[in-house]
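Reader: I keep meeting words such as "buried" and "salt bridge" and never know what earns a residue the label. Could we go through a structure and check the labels one by one?

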Amino acid sequence: MKQKTEKTSVVSLVLVGSLFLLTGCFADKAKKAQEQENLEQSVEPKGELLLSIDGKPVLYADDFEEQKQMLQQSNQQLNMILQMMPDAAYSMLFKSIQAGLLIKEWALRAGVDQKADFAKRRRIAHEQIDLNLYMQEFMEAHPIEVSDHEALNFYKEKRDQIQGMITAPASVDVVYVSCKTKAQAEEFASKSRDGSEKHMNMAAKETGAKLEKMTISSDSSCNDTLKQTVLMATKFPAKEVVKIDDNVYYVVGLLKKNEAQYHSFDNPQVKEFIKKSCQDAKREAELAKEIEKLSNKYNVVENKAYFETKVQNQAKALQKAEDLVMQAQQAGQELGVDLLDDKI
């Protein structure tokens, strides 16, 4: 029970932070002046009054339910909590909103909204909220659809790059013998002909060498040179002489390559994930095209020189700092002091 209470408290504190923003968006309507606040109070109440401060209505039922619905849609954890704990709507959600509104009341009475720094930060925050909302509207006006065929092609093209999609990496089956010198290795390689398992076995019987088997993939724990040589092979069967260290050379018979194995596209969860990933990639490409169109349509003019000048100034400052270090080193050498040698 104690553990459950502690978890609830943590979730409640997390909600408080996010709800401060939401109460500003819904209950407060981002009021910037007292006149605007008074005007909103004259509007017909939205359902039952749930909270007042000093006789002033600050939260109505409709606003509360609107915020709750929005949070439930965006936060599955909260949705589960509200289903499992009926009282959470009051004990967590309402009390969190209440805390935010009380802190707002304190801030207004303390004149926080009159401070220049606060006004600047609020303006920047409002601009960010507006830009996010504009982006949402733009995306809704330009929907991106992904067909099963597109998703399948995306799956085939990107599956090697998507973490967790590979169930077994590509690998190569090999046989090999260990030799002490390069000359011995080259002599064995000449006897093994094309490097096939048959010819490697024949060469091993003829020379008395011990033939070993191995399957090498990117996950294998083996010599890096050996791994790189094997995995870069394109012809099978084939043979390679690989130096392991000064006293060990492997003659490697490359038998066959095993293709990587992946989670099936037909798996519903995989298909849903791939479709979402494909949609995101497609949206990014389409967005770039739309932005280019809007730039031309609205006669956008960029001041790229501003950024180029900054880069040049940074390069000059760095060069100046390097010159000063060089001058100091030269001066130290002339005095017989190594400035970079920290001797204590």
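Author: Sure, and let's begin with a definition: a salt bridge is a side-chain nitrogen of Lys or Arg within 4 Å of a carboxyl oxygen of Asp or Glu. Keep in mind that this is a predicted model.

Reader: What makes Lys-289 and Glu-286 a salt bridge?

Author: Their N-to-O distance is 3.8 Å. The cut-off is within 4 Å, so the pair gets the label. Both residues sit in helix α11 (residues 268-297), 3 residues apart, which is about one turn of the helix.

Reader: Why is Glu-286 called partly exposed?

Author: Its relative accessibility is 29%. Buried means under 20% and exposed means over 50%, so at 29% Glu-286 lands in between and counts as partly exposed.

Reader: How many salt bridges does the structure hold?

Author: There are 19. Behind the label is a general idea: side chains of opposite charge can pair when their charged atoms come close.

Reader: How do you know that Lys-213 and Glu-197 form one?

Author: Same check: N to O comes to 3.0 Å, and the limit is within 4 Å, so they qualify. Lys-213 belongs to strand β5 and Glu-197 to helix α9, so this salt bridge ties together parts that are 16 residues apart in sequence.

Reader: Which of the labels, buried, partly exposed or exposed, goes to Lys-213, and which to Glu-197?

Author: Lys-213 has 63% relative accessibility and therefore counts as exposed, the cut-off being over 50%. Glu-197, with a relative accessible area of 29%, is partly exposed.

Reader: What makes Glu-105 and Lys-56 a salt bridge?

Author: The closest N and O atoms of Glu-105 and Lys-56 are 3.2 Å apart, and within 4 Å is what the label asks for. This pair links distant parts of the chain, with Glu-105 in helix α5, Lys-56 in strand β2, and their positions 49 residues apart. Glu-105 also counts as buried, because its relative accessibility is 11% and the cut-off is under 20%. Together with Asp-54 and Arg-109, Lys-56 and Glu-105 are linked in a network of salt bridges.

Reader: Why is Phe-64 called buried?

Author: Phe-64 has a relative accessible area of 6%. Buried means under 20%, so the label fits. Phe-64 lies in helix α3 and, leaving out neighbours up to four places away in sequence, touches Leu-50, Leu-59, Ala-89, Leu-93, Phe-94 and Ile-97.

Reader: Which residues touch the most other members of the largest nonpolar core?

Author: Those are Leu-51, Leu-59, Phe-64 and Leu-101, out of 16 residues in that core. At least two core residues come from each of β1 (49-53), β2 (56-60), α3 (61-74), α4 (76-84) and α5 (88-109). Helix α5 gives the most, with 7 residues. Another core lies apart from this one and has 13 residues, including Val-172, Tyr-176, Ala-233 and Leu-254.

Reader: Now the sheet. What makes β4 and β5 a pair?

Author: Two strands pair if there are at least two bridges between them. Strand β4 (residues 171-179) and β5 have 6 bridges, in the antiparallel sense, so they pass. Val-172 stands opposite Ile-216 in β5, and the bridge partner of Val-174 in β5 is Met-214. On to β7: β4 and β7 pair over 9 bridges, also antiparallel, with Ser-178 opposite Tyr-250.

Reader: Why are β5 and β6 called edge strands?

Author: The open sheet has 4 strands in the order β5-β4-β7-β6, and β5 and β6 (238-245) each pair on one side only. From one strand to the next, the twist averages 35 degrees. Helix α9 (residues 197-207) packs on this sheet and touches β4, β5 and β7 (248-258).

Reader: What makes β4 "mostly covered"?

Author: A count: 8 of the 9 residues in β4 are buried.

Reader: One last check: how do you know that Ser-220 is buried?

Author: Its relative accessible area is 17%, and under 20% means buried, so Ser-220 gets the label. Ser-220 lies in the loop between β5 (212-217) and α10 (224-231). Neighbours within four places in sequence aside, Ser-220 is in contact with Thr-215 and Lys-227.

Notes
Residues are numbered from 1 along each chain as its sequence is written. This is a predicted model: local features need pLDDT of at least 70, side-chain atom pairs count only at pLDDT 80 or more; totals for chains, interfaces and linings use all residues. Side-chain values use heavy atoms; hydrogens and water are left out. Buried means under 20% relative accessible area, exposed over 50%, partly exposed in between (1.4 Å probe, protein chains only). Contact means heavy atoms within 4.5 Å. Axes are lines fitted to C-alpha atoms, for helices over the stretch in contact, and angles run from 0 to 180 degrees between N-to-C directions. A nonpolar core is a set of buried Ala, Val, Leu, Ile, Met, Phe, Trp, Tyr and Cys residues joined through side-chain atoms within 4.5 Å.
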